[in-house]
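Thanks, I'll keep this short and start with individual residues before moving on to the chain as a whole. Please have the model open while I talk.

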Amino acid sequence: MRALSIRDKCIVAAVAVFVNLGFPAWAETTGLERQFSELADPAYEGWQTAESDIRRAWSRSGSSTMDLLLKRGEEAMDAGDLPAAIEHLTALTDHAPDFPEGWNARATAYYMAGELGPSMADIAQVLKLEPRHWGALAGLGMIFADMGDKARALAAFRASFALNPHQQDVKDSITRLEKELAGITL
């Protein structure tokens, strides 16, 4: 039996992501339905407040110790110390497996380290816990784009943009991929 290549591992992880998306379990964002609705409205002028409220709720685990691990992981990422970031964030996901932002932060660290398979697996967990996580969907789009899977990248970016249509980088990615898939090169 041959060992799986990096590409094969990424494909397996991608399949796992889409299988897990079918069975979401809502994260602890009860009471934020109004903010999600406001954020999804492209014409709503107070969208920044809605986005901020959601991000603030996502960043709270309910435990000061877990919040500290998230902070340390993010600080390590900012400093470019990806092994330390992954270590802090792994401790966080081990101790707070129902905290979507822990998984999302570790997915980002893995992506920055070039570890696409583990990043996709963590994104699957984020979306299982919080299917409305537009950042995780945008990250999934970036991974699919890096893998050359333009159709799946476009689908992920569109899903992210439907939740938060105020993301210029996601909008630009959608426009670029639509043109590429239509046969127009930029």
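**Charged pairs, cores and two buried residues**

Let me start with Arg56, which has a relative accessible area of 40% and is therefore partly exposed. Keep in mind throughout that this is a predicted model. The partner of Arg56 is Asp53: their side chains form a salt bridge, with 2.6 Å from N to O. Asp53 is partly exposed too, at 22% relative accessible area. Helix 3, residues 47-58, holds both of them, and the spacing of three residues is about one turn of that helix.

How many salt bridges does the structure hold? The count is 10. I'll go through two others.

One of them joins the side chains of Arg34 and Glu38, at 2.9 Å from N to O. These two sit in helix 2, residues 33-40, and because they are four residues apart, about one helical turn separates them. Is Arg34 buried or exposed? Arg34 is exposed, at 53% relative accessible area. Glu38, on the other hand, has 15% relative accessibility and so counts as buried. The cut-offs matter here, because buried means under 20% and exposed means over 50%.

The other one is between the side chains of Lys150 and Glu180, with an N to O distance of 3.3 Å. This pair connects distant parts of the chain, since Lys150 belongs to helix 9 and Glu180 to helix 10, with their positions 30 residues apart. Lys150 is partly exposed at 34% relative accessibility, and Glu180 is partly exposed with a relative accessible area of 25%. There is a third member: shared partners in salt bridges tie Lys150, Arg176 and Glu180 into one network.

Now the overall layout. The protein chain has 10 helices and zero strands, so the element order from the N terminus is simply α-α-α-α-α-α-α-α-α-α. Of its 186 residues, 42% count as buried. If you take the contacts between residues at least 6 apart in sequence, 55% of them join residues at least 24 apart. The exposed surface of the chain comes to about 10000 Å², and carbon and sulfur atoms supply 55% of that.

Next, the nonpolar cores. As background, nonpolar side chains in soluble globular proteins tend to be buried together. In this model the largest nonpolar core has 22 residues. Which residues have the most contacts inside it? They are Met120, Ile123, Leu140, Ile143, Phe144, Met147 and Phe157. Five elements give two or more residues each: helix 6 (100-112), helix 7 (116-129), helix 8 (134-147), helix 9 (150-163) and helix 10 (168-181). Helix 8 provides the largest share, seven residues. In domain terms, this core takes at least three residues from domain 1 (62-130) and at least three from domain 2 (132-185). Another core lies apart from it, with 16 residues, including Met77, Ala85, Leu89 and Ala109.

A word on annotation. The UniProt record, an unreviewed entry, carries "repeat: TPR" over residues 134-167. In the model that span is 82% helix and 0% strand, and its end C-alpha atoms lie 9 Å apart.

Last, two polar residues that are buried. The first stop is Ser160, in helix 9. Its relative accessible area is 0%, so Ser160 is buried. What does Ser160 touch, leaving out residues up to four places away in sequence? The list is Trp134, Leu137, Ala138, Gln167 and Val170.

The second stop is Glu101, in helix 6. With a relative accessible area of 13%, Glu101 is buried as well. Beyond the residues up to four places away in sequence, Glu101 touches Trp58, Leu70 and His133. One distance to go with that: Glu101 and Gln125 are 24 residues apart along the chain, and their C-alpha atoms are separated by 10.0 Å.

To recap, the model is predicted, the chain has 10 helices and zero strands, and its largest nonpolar core draws on both domain 1 and domain 2. On the charged side, the items to look at are the pairs Arg34 with Glu38 and Asp53 with Arg56, plus the network of Lys150, Arg176 and Glu180. That's it from me.

Technical notes: Residues numbered from 1 in each chain as written. Predicted model: local features only at pLDDT ≥ 70, side-chain atom pairs only at ≥ 80, totals over all residues. Heavy atoms only, no water. Core = buried A, V, L, I, M, F, W, Y, C linked by side-chain atoms within 4.5 Å. Buried < 20%, exposed > 50% of the residue type's maximum accessible area, 1.4 Å probe, protein only. Domains from an automatic or database assignment. UniProt positions renumbered as here; feature names shortened; annotations may be inferred. Salt bridge = Lys/Arg side-chain N within 4 Å of Asp/Glu carboxyl O. Contact = heavy atoms within 4.5 Å. Areas by Shrake-Rupley, 256 points an atom, 1.4 Å probe, with all protein chains shown as cover.
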